[in-house]
Amino acid sequence: APATPVTGGADAANSNRWDELNKTRREQSMYKFLFPLLYAPALPLIRIALRNHPHLRNRAYGAGIAVGLAHAGYVMGQDSSV
């Protein structure tokens, strides 16, 4: 026989708590996943803007890649399923 949920004050408080946690998680994930959309155009712009300065261009491009990988590591580190 299927189990029936128990109704009561504790379940209502738990439900409200989960709703708040999900709302917070949704808001945080929006910013986490919006970063690459803003960041992606920066790499070609670095190459175009620093076209005449190859040494500086390579360092800036490398720093941009490092920032992107650090962000990816941060996002994956926060994911509990990894």
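The following exchange examines how several features of this predicted model earn their labels.

Colleague: What makes up the secondary structure of the protein chain?

Modeller: The chain has three helices and zero strands, and from the N terminus on its elements run α-α-α. Of its 82 residues, 10% count as buried.

Colleague: Why is the pair of Phe-35 and Tyr-39 called stacked?

Modeller: The count comes to one aromatic pair. The ring centres of Phe-35 and Tyr-39 lie 5.5 Å apart and their planes stand at 15°. A pair requires centres within 6.5 Å, and planes under 30 degrees apart count as stacked; both conditions are met, so the pair is stacked.

Colleague: How do you know that about one helical turn separates Phe-35 and Tyr-39?

Modeller: Both belong to helix H1, residues 9–39, and they are four residues apart there, which means a separation of about one helical turn.

Colleague: Why is Tyr-39 called buried, and why is Phe-35 called partly exposed?

Modeller: Buried means under 20% relative accessible area, and exposed means over 50%. Tyr-39 has 17% relative accessibility and therefore counts as buried. Phe-35, at 30%, falls between the two limits and so counts as partly exposed.

Colleague: What makes His-71 a buried residue, and which residues does His-71 touch?

Modeller: His-71 is found in helix H3, residues 54–78. Its relative accessibility is 19%, under the 20% limit, so His-71 counts as buried. Residues up to four places away in sequence aside, His-71 touches Lys-32, Phe-35 and Pro-36.

Colleague: Where does Leu-50 lie, and why is Leu-50 called buried?

Modeller: Leu-50 lies in the loop between helix H2 (42–49) and H3. Its relative accessible area is 19%; the limit is 20%, so Leu-50 is buried. With neighbours within four places in sequence left aside, Leu-50 is in contact with Leu-56, Arg-57 and Ala-60. From C-alpha to C-alpha, Leu-50 and Ala-60 are 8.7 Å apart, with their positions 10 residues apart in sequence.

Colleague: Why does Ile-65 count as partly exposed?

Modeller: Ile-65, placed in helix H3, has 36% relative accessibility. That value lies between 20% and 50%, so Ile-65 counts as partly exposed. Not counting residues up to four places away in sequence, Ile-65 touches Tyr-39 and Leu-43. The C-alpha atoms of Ile-65 and Leu-43 are separated by 8.0 Å, although the two residues are 22 residues apart along the chain.

Colleague: How do you know that the charged end of Arg-17 sits over the ring of Trp-18?

Modeller: The distance from the charged end of Arg-17 to the centre of the Trp-18 ring is 5.5 Å, and the rule asks for CZ of Arg within 6 Å of the ring centre and within 35 degrees of the ring normal. The distance fits that limit, and Arg-17 is placed over the ring. Likewise, Arg-47 lies over the face of Tyr-61, at 5.2 Å from the ring centre.

Colleague: Which residues line the largest pocket, and how do they divide by class?

Modeller: The lining consists of Arg-25, Gln-28, Ser-29, Lys-32, Phe-33, Val-75, Gln-78 and Asp-79. By class, the lining has two nonpolar, three polar and three charged residues. About 220 Å³ of space lies in this pocket.

Colleague: Which helix gives the most to the lining of the largest pocket?

Modeller: Helix H1 gives the most, with five residues. H1 and H3 each supply at least two residues of the lining.

Key: Residues are numbered from 1 along each chain as its sequence is written. This is a predicted model: local features need pLDDT of at least 70, side-chain atom pairs count only at pLDDT 80 or more; totals for chains, interfaces and linings use all residues. Side-chain values use heavy atoms; hydrogens and water are left out. Rings of Phe, Tyr and Trp (its six-membered ring) pair if their centres lie within 6.5 Å; planes under 30 degrees apart count as stacked, over 60 as edge-to-face and the rest as tilted. Buried means under 20% relative accessible area, exposed over 50%, partly exposed in between (1.4 Å probe, protein chains only). Contact means heavy atoms within 4.5 Å. On a 1 Å grid over the protein atoms alone, a cavity is a set of points where a 1.4 Å probe fits but cannot get out, and a pocket is an open set with protein on both sides within 12 Å along at least five of seven lines; lining residues have an atom within 4 Å of a point. Grid points are joined across faces, edges and corners, and a volume is the space filled by probe spheres set on the points. Ala, Val, Leu, Ile, Met, Phe, Trp, Tyr, Cys and Pro count as nonpolar, Asp, Glu, Lys and Arg as charged, and the others, Gly among them, as polar.
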